[in-house]
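Student: I am new to this structure. Please pick one helix, take a close look at it, and then follow its contacts outward from there.

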Amino acid sequence: MTSSIVHRVRPSGIRKFFDVLASMEHVISLGVGEPDFVTPDHIREAGIESIQAGRTHYTSNYGLLPLRQRIAVEMQRLYGVRYDPEHEILVTVGASEGIDIAVRAVVNHGDGVLLPEPGYVSYEASVVLAGGNVQPVPTYAENGFSLTARAVEQAITPQSRAIVMGFPNNPTGAVLDPQEAQAIVDLAVEHDLVIISDEIYHRLIYGGDHVCIAALKGAWDRTILINGFSKAYAMTGWRLGYTCAPAEVLEAMMKIHQYVIMSAPTAAQWAGIEALDHGEADVQSMLAEYDRRRKLLVTGLNDVGLTCFEPRGAFYAFPSIAITGMSSEEFSFRLLEEEHVAVVSGTAFGDAGEGYVRMCYATAYEQIQEALERMRRFVKRHTHTSLAS
Ligand SMILES: Cc1ncc(COP(=O)(O)O)c(C=O)c1O
């Protein structure tokens, strides 16, 4: 009953793992990539009030105009990039929808799409479903998994049509170096590539500034900027995101959006306005807490022998598990079985993730402390075994 194109989509490498996890008790999960915080009160209230005021209908396909206006102000305030709220901003069902319809709006059958690896799991699926071919661009631990123009250039072919970038990165926590980012934009100009930039973690940066791709020289005209509320405002369940792009490409995305979605959830959109109007203090306090946990986890991992470079964005650490001699998948299954700590195999994010696992530190400080203790035992046991054997 199913189409050949769906068969081309690789099954999620982590589903089996999460099935095992669901059947176990007392597990400390560093597996799931979402904030442990509940959406701040005043944002929840705004959603509830909108429902109670009877705002229960569809909105404009583009999303509520006041929300788009606030998004435009935010993009200008943070990065100095200008978007016309009427024609260049589309409110989506999470960044997830934005990624999918951006890829579908620009990729023809047989086009190549450059994907930095390791990278977020949905990019590859979107490219395959759109009939495109994935062109992997490796990133390496030696330079903190940052994307280099050299690696991009080596992967470009005459078939290349677009590049999907996701920085700060899931799963590595890497951020872009501003000079490399500009060199990558220059390559995109030279080879006429569309840049789809998923900047969902733009507010979760530890030291330094976020590099907004659309703000770089020559980028605006060819960039589709994907963003959303899930991570910065702890709003994963509301399903609210947005895309900013030149009117022509936004209109093409709208063609898909209007038929498959209609409009993003109305209560979520009202809550989104409140988040942008009054949520800055919440962003800052969650960021400070993530930073505390980040330092604890990264120091602790290096201490137990799981070498980890310093992640500068998002809420993930991506340590090497080389010391145990295990594959990434074996490590994650055995750590779960033996010590009840859930982490995700690096290979779930592409072949370049072999030898690493992803740990999400959007979980309580004390839980991370306990997880580190358990990992210390695990590594001690297995390093000893592999040295002896
Ligand atoms: C890099 C990246 N992009 C997009 C998403 C999806 O975000 P949303 O909840 O806005 O659909 C995630 C969620 O984990 C992510 O890590």
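Tutor: Start with helix α4. Its buried residues pack against β2 (89-92), β7, β8 and α10 (266-278). Keep in mind that this is a predicted model.

Helix α4 runs over residues 65-79. How far should its 15 residues span? At 1.5 Å a residue, the expected figure is 21 Å. The count of steps is one less than the number of residues, because that is how the expected span is defined. The end C-alpha atoms of α4 are 21 Å apart, and therefore the two figures agree.

Which residues of α4 are buried? They are L67, R68, R70, I71, A72, E74, M75 and Y79. Two arginines, R68 and R70, are on that list, and E74 is there too. Just past the helix comes G80. The phi of G80 is positive, near 70°.

Now move to the partners. Both β7 and β8 pack against the buried residues of α4. The next stop concerns rings in that part of the chain. By the ring-centre rule, the model has 15 aromatic pairs. One of them joins F229 and Y242. Their centres are 5.8 Å apart, and the planes meet at 70°. That angle makes the pair edge-to-face, because angles over 60 degrees count that way. F229 sits in the loop between β7 (223-228) and β8 (241-244), while Y242 belongs to strand β8. The two are 13 residues apart, and the pair links distant parts of the chain. Are these rings buried or exposed? F229 and Y242 are both buried.

A second pair brings in another helix. Y290 and F315 are also edge-to-face, at 5.4 Å centre to centre and 65° between the planes. Y290 lies in helix α11 (residues 280-304), and F315 lies in the loop between α11 and β9 (316-317). Here the separation is 25 residues, again linking distant parts of the chain. Y290 and F315 are both buried. These two rings also belong to a cluster: F37, Y201, Y290, F315 and Y316 form one aromatic group.

Rings also meet charges. R55 lies over the face of W270, 4.3 Å from the ring centre. The charged end of R292 sits over the ring of Y365, at 4.0 Å from its centre.

Y316, from the cluster, leads to another spot. N169 touches Y316, along with P118, G119, A174 and A314, leaving aside residues up to four places away in sequence. Where is N169 placed? The loop between β5 and α8 holds N169. N169 counts as buried because its relative accessibility is 4%. The side chain of N169 reaches the backbone oxygen of G166 at 3.2 Å.

Take the strand before that loop. Five of the six residues of β5 are buried. β5 pairs in the parallel sense with strand β3 (residues 112-117), over three bridges. V113 stands opposite A162 in β5. β5 also pairs with β6, parallel again, over four bridges. There M165 stands opposite S197 in β6.

After the loop comes helix α8, residues 178-190. Why does its length fit? At 1.5 Å a residue, 13 residues should span 18 Å, and the end C-alpha atoms are 18 Å apart. D177 caps the N-terminal end: a side-chain oxygen lies 3.2 Å from the backbone nitrogen of Q179. The buried residues of α8 are A181, Q182, I184, V185, L187 and A188. They pack against α7 (149-155), β5 (160-165) and β6 (194-198). D192 follows α8, with a positive phi near 55°.

Finish with a small sheet that includes β9. The sheet is open, its three strands run in the order β9-β12-β11, and the pairing is antiparallel. β9 and β11 (344-345) are the edge strands, each pairing on one side only. β11 and strand β12 (residues 357-360) pair over two bridges. V344 stands opposite R358 in β12.

Conventions:
Residues numbered from 1 in each chain as written. Predicted model: local features only at pLDDT ≥ 70, side-chain atom pairs only at ≥ 80, totals over all residues. Heavy atoms only, no water. Phe/Tyr/Trp six-rings, centres within 6.5 Å; stacked < 30°, edge-to-face > 60°. Buried < 20%, exposed > 50% of the residue type's maximum accessible area, 1.4 Å probe, protein only. Lys NZ or Arg CZ within 6 Å of the ring centre and 35° of its normal. Pairing = 2+ DSSP bridges. Contact = heavy atoms within 4.5 Å. Polar contact = N/O pair within 3.5 Å; in protein donor to acceptor, adjacent residues only side chain to side chain.
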